[in-house]
Amino acid sequence: MSRVIRIRRWGILKTIFSAGALILSARASFRKASDGTAGEAEWRPGVYLGIEPTGTVIIVAHRSEMGTGIRTALPMVVADELDADWKRVRIEQAIGDAKYGSQDTDGSRSIRDFYDVMRRAGATARLMLERAAAAKWAVPVEECRASNHRIVHLSGDRSLDYGELAESAAGLPAPKTEELRFKTPGEFRYIGKGVPIVDITEICTGKAEYGIDAHLPGMVFASIERPPALGGKLKSYEDRETLKIPGVRRTIVIEEAKPPYAFKALGGVAVIADRTWAAIEGRKKLTVEWEPGPNAGYDSEAYRESLLETARNPQRVIRNIGDVEAEFSRAERIHEAEYYVPLLAHAPMEPPAAVAAYKDGKVEVRAATQNPQAVQNAVAAALKITKEDVTCHVTLLGGGFGRKSKPDYVVEAAMLSKQVGKPVQVTWTREDDIRFDYYNAVAGMYLKAALGHNGKPTAWLQRSVFPPIMSLFDENEGYGDPMHLGQGLTDLPFDIPNLRVENGPAKAHVRIGWLRSVANIYHAFSVQSFIDELAAAADRDRVDYFLEVLGRPRTIDFEAENTTYVNYGKPLDQYPWETGRLRNVIEVAAEKSGWAKRKPEEGRSLGFAAHRSFLTYVAAVVDVRLDDQGRISIPRVDFAVDAGRVVHPELTRAQFEGAAVFATSIALMGEITAANGQIRQSNYDDYPVARINEAPFETHVHLVPSNGLPAGIGEPGVPPIAPAICNALFAITGKRIRRLPIKHGKLI
């Protein structure tokens with residue numbers, strides 16, 4: 001349910017809108033998630049739209065732009081319902097403020113959460129303008145219609161520009177929801193078609209401001225030496241050589257963070273200088289001794305063994321259908337396998353960077369952040385001030401992938417500014433970013449299936465063990481929460497009469513965070529690989545076998561099973577889990593890729609996987625080539641995507657093209673390891689992303705027409721790629737890859 005109200009207090013937004021503007025606020029409230037999580041219950045996003053007396057339409061972008069084009073796509077929805085001329089629409093980036101509701105730009109939810117809100121805002125403003133024109137002409141409102149930034153009198157030749165009506169419309173009450181008239185899809189001017197992104201000129205000419213470009217007058221620059229292992233403590237340090245570096249002013253100790261680590265600054269020794277390069281050079285000259293801390297014994301290889309050992313034994317049951325044990329006891333054939341996915345780093349092109357200025361108990365921040373309100377909260381907590389005293393300006397982000405929803409680097413800048421008495425810019429080096437990330441969880445998984453006479457599973461057992469993200473906020477937390485268990489584990493879609501899903505505990509020794517597609521990465525890898533194993537054991541075509549095990553088209557009834565499934569925070573009656581939609585994208589991907597027609601070729605094969613995440617159904621067919629030197633190349637990827645109504649098709653395709661590269665990097669090379677509590681990797685040389693010769697040569701994105709509500713776009717392309725590549729490699733070599741990255745596998 002959402003509503004639109006007219007803003008009477010122009011003063012609260014006078015930095016954006018002028019006097020006489022028609023200003024509307026659209027709000028939406030959401031029901032509690034099925035598990036009753038408080039965060040969803042309190043989430044109340046707000047959107048502001050205004051029409052200036054000049055006719056300029058101003059839309060406040062309360063989301064962060066990190067390459068998805070969201071600052072274009074959402075305003076397009078408003079402009080369409082408003083029937084505005086896109087050339088007269090201006091986007092203003094919102095600061096962090098509670099009046100905008102949650103501004104956390106993650107979870108692939110900007111379009112799916114705000115599509116309806118934006119439409120209501122646009123339709124409301126349009127009707128108010130029509131009513132204002134009707135009053136001015138003394139005609140029935142039914143004779144007035146909006147048309148390309150003007151209200152036209154249908155019975156005459158009169159028309160008025162939106163700007164000429166803004167002030168009089170601002171004096172009218174906002175219409176009720178039931179009075180609104182929404183456009184039909186056939187009337188859309190922008191939705192489903194798209195326009196160039198609003199920042200394209202500034203980005204291409206180098207004028208756009210990213211976090212690393214942020215500048216405040218008189219600022220100094222900091223580089224920070226942090227504890228090598230999480231929870232380590234500064235024992236002593238020597239800065240005599242550091243202070244000899246030209247431009248270095250001083251060093252400052254930041255107290256080490258204590259658990260729970262959440263978004264706190266990690267602590268360490270900061271070098272303050274006149275420029276970033278001097279700060280980095282001065283930092284190299286520090287001599288620092290650390291007390292090791294509670295995680296100094298963390299070893300990723302030993303930890304891998306412990307995860308798999310846990311997964312081999314019965315754990316907490318989170319979904320149960322039929323009688324799995326009874327079926328296993330009488331089965332003639334049983335197939336089982338273990339899978340492993342390591343820690344993964346975000347590694348965006350732009351590392352974390354922020355500038356903060358503290359003065360008289362208030363802080364002004366400019367930062368590349370996905371979550372400006374988390375910035376307010378974290379900075380306020382660190383400096384013991386109120387969040388209202390923290391002003392956060394949001395810059396463009398040079399990639400985020402979830403990393404920049406955690407504002408520890410902004411807290412560092414604010415803490416240092418308070419001590420220095422000047423604005424301070426903190427810039428993380430690439431090495432800082434890789435070594436002190438909030439990593440995607442490492443996971444160990446065990447799967448077991450009983451196979452009937454036709455090779456189809458009659459029972460399926462699946463266990464997943466991974467350190468949970470909630471350990472950030474409670475160091476004693478070891479089990480997965482419903483949201484992340486529901487990312488490819490709880491919601492196994494196959495129609496199998498006996499099914500049990502379990503989750504085991506795992507202690508976190510590094511900071512665990514959200515990375516693009518999150519738990520879907522490891523759950524899709526295990527499930528989509530295992531079903532391929534079963535198809536191979538049955539000597540069946542992979543796609544045909546998948547569809548048979550998927551079963552007849554149906555809606556999964558979690559409530560009837562007494563299974564907790566939070567469905568990405570959306571009600572199941574609005575976004576049901578429909579296996580028929582997954583079947584449809586599988587059939588489209590198979591047809592578009594030529595799956596059935598492909599002839600066997602030495603060293604080359606297709607791999608297939610299909611997965612629903614963030615409410616979007618995706619099937620991927622990946623064409624993989626393996627040469628006689630063991631080098632892997634990917635000539636082509638075909639995605640079939642059902643994301644409900646698509647607002648901007650080209651931006652959507654771009655997200656899937658990017659996801660193919662992102663996921664290929666994970667599959668081929670992505671791995672973070674640790675020894676003595678310290679992360680071994682440090683830069684793109686030892687944590688590489690796919691280069692142009694390693695990325696898919698062609699990515700074809702087939703958007704399936706759908707009547708569904710808008711769903712997630714940014715993340716759903718990631719999960720199917722790694723298993724599809726591995727399934728193709730099995731078809732080529734007969735060797736099954738159960739541990740990522742693929743570089744560990746001996747393929748030739």
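Visitor: What makes β7 and strand β8 a pair?
Guide: Two strands pair if DSSP finds at least two bridges between them. Here β7 and strand β8 (residues 159-161) run antiparallel and are joined by 3 bridges, so they pass that cut-off. One of the contacts is V152 with its bridge partner S159 in β8, and the hairpin of β7 and β8 has 5 residues between the strands. Strands are DSSP runs (E, at least two residues) and helices likewise (H or I, at least four), numbered from the N terminus.

Visitor: Before we go on, what sort of model is this, and which residues count?
Guide: It's a predicted model, where local features need pLDDT of at least 70 and side-chain atom pairs pLDDT 80 or more, while totals for chains, interfaces and linings use all residues. Residues are numbered from 1 along each chain as its sequence is written, and side-chain values use heavy atoms, without hydrogens or water.

Visitor: How do you know that strand β6 and β7 pair?
Guide: Same kind of check: strand β6 (residues 144-147) meets β7 antiparallel over 4 bridges, and the rule asks for at least two, so they pair. R145 has V152 as its bridge partner in β7. In the hairpin there are 2 residues between the strands, and N148 takes a positive phi near 50°.

Visitor: Why is the W460 and F530 pair called edge-to-face?
Guide: Rings of Phe, Tyr and Trp (its six-membered ring) pair if their centres lie within 6.5 Å; planes under 30 degrees apart are stacked, over 60 edge-to-face, the rest tilted. W460 and F530 sit 5.2 Å apart, centre to centre, with 90° between the planes, so both tests are met. W460 is in strand β21 (residues 457-465) and F530 in helix α13 (residues 520-537), so the pair ties together parts 70 residues apart in sequence.

Visitor: What about F639 and F656: which kind of aromatic pair do they form?
Guide: Edge-to-face as well, at 5.3 Å centre to centre and 70° between the planes. F639 is in strand β25 (residues 632-642) and F656 in helix α17 (residues 649-668).

Visitor: Is F639 buried or exposed?
Guide: Buried means under 20% relative accessible area, exposed over 50%, partly exposed in between (1.4 Å probe, protein chains only). F639 has 0%, so it's buried, and F656 counts as buried at 0% too.

Visitor: What makes K448 sit over the ring of F328?
Guide: NZ of Lys or CZ of Arg must be within 6 Å of the ring centre and within 35 degrees of the ring normal. The charged end of K448 is 4.4 Å from the centre of F328, so the distance test is passed.
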